[in-house]
Every structure is written in C-alpha cells, then in structure tokens.
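Trainee: I should like to learn how to read salt bridges, nonpolar cores and cysteines in a model. May we begin with the charged side chains?

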Amino acid sequence: MARTKIKDALLRVARVWQLRAAAGELSFETVNLYTQIVERLLRFAVAQGATHLDDISADLAAYFIQAPGHDRHQGIILNPAAGTRRQRRSALEALFTEARALGLTTAAPLVDLPPIPRSPRKKGTELSDADVQLLRFHSERGMPDTRHAALLALLLAGLHSAEIAAATTDELNLLDLFEAEVWTDGATRTRGRSCPLDEWSARVLWLRRTHLLRGTESSPPPRLVTAASSAYRSQASVCSGFGEIARRSGLATRERRVEPKDVTRYVARKILYDTGQLSEVARRLGLSSLDSAAALADLQWKTEDDGGEAA
C-alpha cells in the first residue's frame, strides 16, 4: 500500500464527511470541527517530522491530544480541558476509521490509548422566578446596542443555543406584542417550530430588530445575537454571551455555575406547570422524545422493568 500524506488523506476524508453530512448522518458543525482539528494535526505532525498518515504513532497521537491550545482571545491554555481532548480524540478516530475504509492506511494508532475520563455531570442550577427577573434586569444594560436582552428573550421562548445562534430578524412576528412569536428551523437534535414570546421578550426583541435594521438594506437579514463566521463559533458565542449575563447578575460564581440549559429547564418546568402536558413541553422545545422533555422539566418519568406503561 502506498504511503498517503496526511494532507491528501484529509482532503479525501473531508469529502466523505461532507457527503455524510448532506445525507444527515453527521452534522455540518461536526464536519467543520473535525476538519479544523485534523488541520491542526497536520501542522502539529509536520513540526514533529511526520508527513504521512502511517507516521502518526500512538505516542504522537497522544501528544497531540494533550498539546497546549489557545482560547478565543489567543491566550495559551497549557492543559486543555477534558472536553477539548475528547474532541481531538474523536476527530482522529473518525479520520483513521474513514481512511482505513478508503484503503489509505491500515493504522489504528488510538486503539490502545486509555479513555479520557469524564467528570460526573453536575446537577443543573434550578432557577427561580426571582433569578429570571434578575437575569432580565441585568441583560437590559446597553440595550438595544448590546445583544444580551435579545439572547435571554430567545432562551426564555424555548430556543436552544444553536437555534439562537442562527436566529435572524426575519424569524420574528412582532405585529402584536401580546401575541408575538419567534420561528426557528430547529437544529441537529430539535425540530422547527413557532414559540410564543412573553411581553418582556417581545419588547426587547422588537427594539433589537429595529436597531439592527435601522438605515440598512440587509440581505440576508441580520442575525439577532451573533455575527460569528461558523455555526460552531456562533453557538459558542451565544453561550459566552449568556455567561456574561449570569455573572453580571451575580447568579454565576466560582461556586455556582449557571448555563443556558438552566434557563431551558426553567422554561420546561413553567410549560409543564401552566399546561400540565409533557407533550407540550416537548413541542415547545422542539424535542422528539418525551423522556428528554421529562428530564428537562424535572419530572419523574420511569418505565417498569418489564416494559410496561410509564408510571
């Protein structure tokens, strides 16, 4: 078998990944992330004197997975987080799996590497009505020039971070502030749907849209909360923006972590309380699974061991 250069392998594998994404087998966000990671592997390997796929040994792969990186501000991170290391490992495993299927190599350098341990998942922070009011108050600083109030309004409508990242001024129906709504096309794991807006959310989104469209002939319509270039960076930008609101409000501290999903859990509990219907929680949040809806709404949803009806 002829030795394949890493660059050539990346080009061929990336084309396969794109085809898989078009067929719905992978998300385009995952393809972009894996491609970026393998591009970094290419530069890292060349610096180590390795230019061919078969030159990547288990030791070199381990060094790359654990190598220092950069944060969004180009600061050096000496010890990458476990999540970053898992992403690198996943991308390398996907590269070699596809390369072997294409006949580009027989190597499997990651097969004997130990798994990267996961920290126990922390229980989400249960936000109260008073907490949400505090988030609203602090998100309004600098409105509508700043994105924070619009971001929080979309979260409170039931949109997830990937959906918020893609939301544009065209998705808003604000003709009647008392029956306002926002449309989302959904994301990789969520369905498209229309979500009602409460009075506060409708007001701040109307101000944000007016600000973005003032004096412009936008085509395509501007996005509401982020202008990042890729879907991956856009979603990260949404999470970063929410983090700023949570810190300003004093809810997020070194001891207490508050995430966008905590707002989604708050919304799920509120929908369940208002409607009494778990199916409505799933519909409003774009979920295809009642189990997922129950978990977000903190509802005990157990199935009998013998496969009987849910309790």
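Mentor: Let us begin with one pair in this predicted model. The side chains of lysine 270 and aspartate 274 form a salt bridge, with a distance of 3.2 Å from N to O. Both residues belong to helix 10 and stand 4 residues apart, about one turn of the helix. Lysine 270 is partly exposed, at 42% relative accessibility.

Trainee: Which residues are joined into one network by salt bridges that share partners?

Mentor: Arg20, Glu25 and Glu98 are joined in that way. Over the whole structure, the search finds 12 salt bridges.

Trainee: Which parts of the chain does the salt bridge between arginine 256 and aspartate 131 tie together?

Mentor: Its N to O distance is 3.8 Å. Arginine 256 is in the loop between helix 9 and helix 10, whereas aspartate 131 is in helix 5, so the bridge ties together parts 125 residues apart in sequence. Aspartate 131 is buried, with a relative accessible area of 14%, while arginine 256 is partly exposed at 28%.

A second pair, arginine 136 and aspartate 198, meets at 2.8 Å, N to O. This pair also links distant parts of the chain, 62 residues apart: arginine 136 lies in helix 5, and aspartate 198 lies in the loop between strand 5 and helix 8. Arginine 136 counts as buried at 17% relative accessibility; aspartate 198, at 32%, counts as partly exposed.

Trainee: How should the nonpolar residues be read?

Mentor: In soluble globular proteins, nonpolar side chains tend to be buried together. Here the largest nonpolar core has 50 residues, and Leu154, Leu205 and Phe242 have the most contacts inside it. Elements giving two or more residues to this core include helix 5, helix 8, helix 9 and helix 10. The largest share, 9 residues, comes from helix 6.

Trainee: Which residues does leucine 154 contact, leaving aside its neighbours within four places in sequence?

Mentor: Among them are Leu159, Ile164, Val182, Leu205 and Val225. Apart from this core lies another, of 33 residues, including Ala50, Phe64, Ala99 and Leu113.

Trainee: How many disulfides does the structure hold, and why is the sulfur of cysteine 195 not bonded to that of cysteine 239?

Mentor: The structure holds 0 disulfides. A disulfide requires two cysteine sulfur atoms within 2.5 Å. The closest cysteine sulfur to that of cysteine 195 is in cysteine 239, 18 Å away, which is too far for a bond. Cysteine 195 is buried, with a relative accessible area of 0%, whereas cysteine 239 is partly exposed at 34%.

Note on methods. Residues are numbered from 1 along each chain as its sequence is written. This is a predicted model: local features need pLDDT of at least 70, side-chain atom pairs count only at pLDDT 80 or more; totals for chains, interfaces and linings use all residues. Side-chain values use heavy atoms; hydrogens and water are left out. Buried means under 20% relative accessible area, exposed over 50%, partly exposed in between (1.4 Å probe, protein chains only). A nonpolar core is a set of buried Ala, Val, Leu, Ile, Met, Phe, Trp, Tyr and Cys residues joined through side-chain atoms within 4.5 Å. Contact means heavy atoms within 4.5 Å. A salt bridge is a side-chain nitrogen of Lys or Arg within 4 Å of a carboxyl oxygen of Asp or Glu.
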